[in-house]
Amino acid sequence: MRYGQFFPIAKATEILGEKWTILVMREMCMDGRRFNELQRGRKSLEEQGMVVRRRIPGQKGYEYHPTAAREALKPVLVHLGGWGLEWARHTILDQDFDAEFLMFCLERSVDADRLAGSAAIEAGDLSVEGDAALTRNISAWLKPSIFHDSKRAPIPA
């Protein structure tokens with residue numbers, strides 16, 4: 001959409017206001033690189049200089065890498081997500097809970113090289129069951145979310 005205004009918010013919204021753009025940028029902030037992770041909004045983001053498509057060496061597929069423009073946007077996205085945690089949490093509906101998406105996010109949060117950091121167990125927000133050798137040191141292999149420092153509003157009753 002073009003607003004026809006030379007105003008910073010209008011110009012930024014022309015790039016970021018597409019239906020899936022913010023979510024694609026979120027995926028890239030969380031290290032998503034493959035087409036299935038980024039499928040919506042890819043072409044527009046390439047045209048706007050937000051991502052660069054590169055062939056995966058030795059494979060048929062492509063990965064999408066952030067440009068300097070996308071890297072500069074990351075703090076904005078983190079603040080937007082933080083705002084959502086603090087001020088939009090009351091709008092969560094039962095149908096917003098998606099176990100498959102949660103597992104997808106958790107899967108890419110595992111640092112296979114270190115199998116770092118979740119204080120949720122210590123805070124009592126998360127309990128983990130399983131092999132004691134893995135559950136005892138979960139903070140050594142589970143990377144924190146990009147929103148780990150954001151304030152959280154209490155979950156409504």
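These legends walk through a few close-up views of a predicted model.

**View 1. The whole protein, before zooming in.** Start with the overall build: the protein has eight helices and two strands. Going along from the N terminus, the order is α-α-α-α-β-β-α-α-α-α, so keep that string handy as you look around. The protein has 157 residues, and 25% of them count as buried. Its accessible surface comes to about 11,300 Å², with 57% of that belonging to carbon and sulfur atoms.

**View 2. The salt bridge of Arg70 and Glu71.** Here you are looking at the one salt bridge that the structure holds. The side chains of Arg70 and Glu71 meet at 2.5 Å, N to O. Side chains of opposite charge can pair when their charged atoms come close. How exposed are the two partners? Arg70 counts as buried, at 2% relative accessibility, while Glu71 is partly exposed, with a relative accessible area of 40%.

**View 3. A nonpolar patch with two Trp residues.** Out on the surface, Leu80, Trp83 and Trp87 form a nonpolar patch. Put together, these three residues have about 380 Å² of accessible area. If you want to place Trp83, look in helix H5, which covers residues 68–87.

**View 4. Gly82 and what it touches.** Gly82 also has its place in helix H5. Is Gly82 buried or exposed? Gly82 counts as buried, because its relative accessibility is 10% and the cut-off for buried is under 20%. Leaving aside residues up to four places away in sequence, Gly82 touches Phe147, Ser150 and Lys151.

**View 5. The contact seen from Ser150.** Now swap sides and centre on Ser150, which is found in the segment after helix H8 (132–135). Which residues does Ser150 touch, not counting those up to four places away in sequence? They are Val78, Gly82 and Leu85, so the Gly82 contact from the previous view turns up again here. Ser150 is buried too, with a relative accessible area of 16%.

**View 6. Arg53 over the ring of Tyr62.** In this last close-up, Arg53 lies over the face of Tyr62. The distance from the ring centre is 3.9 Å. How many aromatic pairs does a search of the whole structure find? The count is zero, so don't go hunting for two rings within 6.5 Å of each other, centre to centre.

Terms used. Residues numbered from 1 in each chain as written. Predicted model: local features only at pLDDT ≥ 70, side-chain atom pairs only at ≥ 80, totals over all residues. Heavy atoms only, no water. Helix = DSSP H or I, 4+ residues; strand = E, 2+ residues; numbered from the N terminus. Buried < 20%, exposed > 50% of the residue type's maximum accessible area, 1.4 Å probe, protein only. Areas by Shrake-Rupley, 256 points an atom, 1.4 Å probe, with all protein chains shown as cover. Salt bridge = Lys/Arg side-chain N within 4 Å of Asp/Glu carboxyl O. Patch = residues over 30% accessible without salt bridge, like charges linked within 9 Å, V, L, I, M, F, W, Y side chains within 5 Å. Contact = heavy atoms within 4.5 Å. Phe/Tyr/Trp six-rings, centres within 6.5 Å; stacked < 30°, edge-to-face > 60°. Lys NZ or Arg CZ within 6 Å of the ring centre and 35° of its normal.
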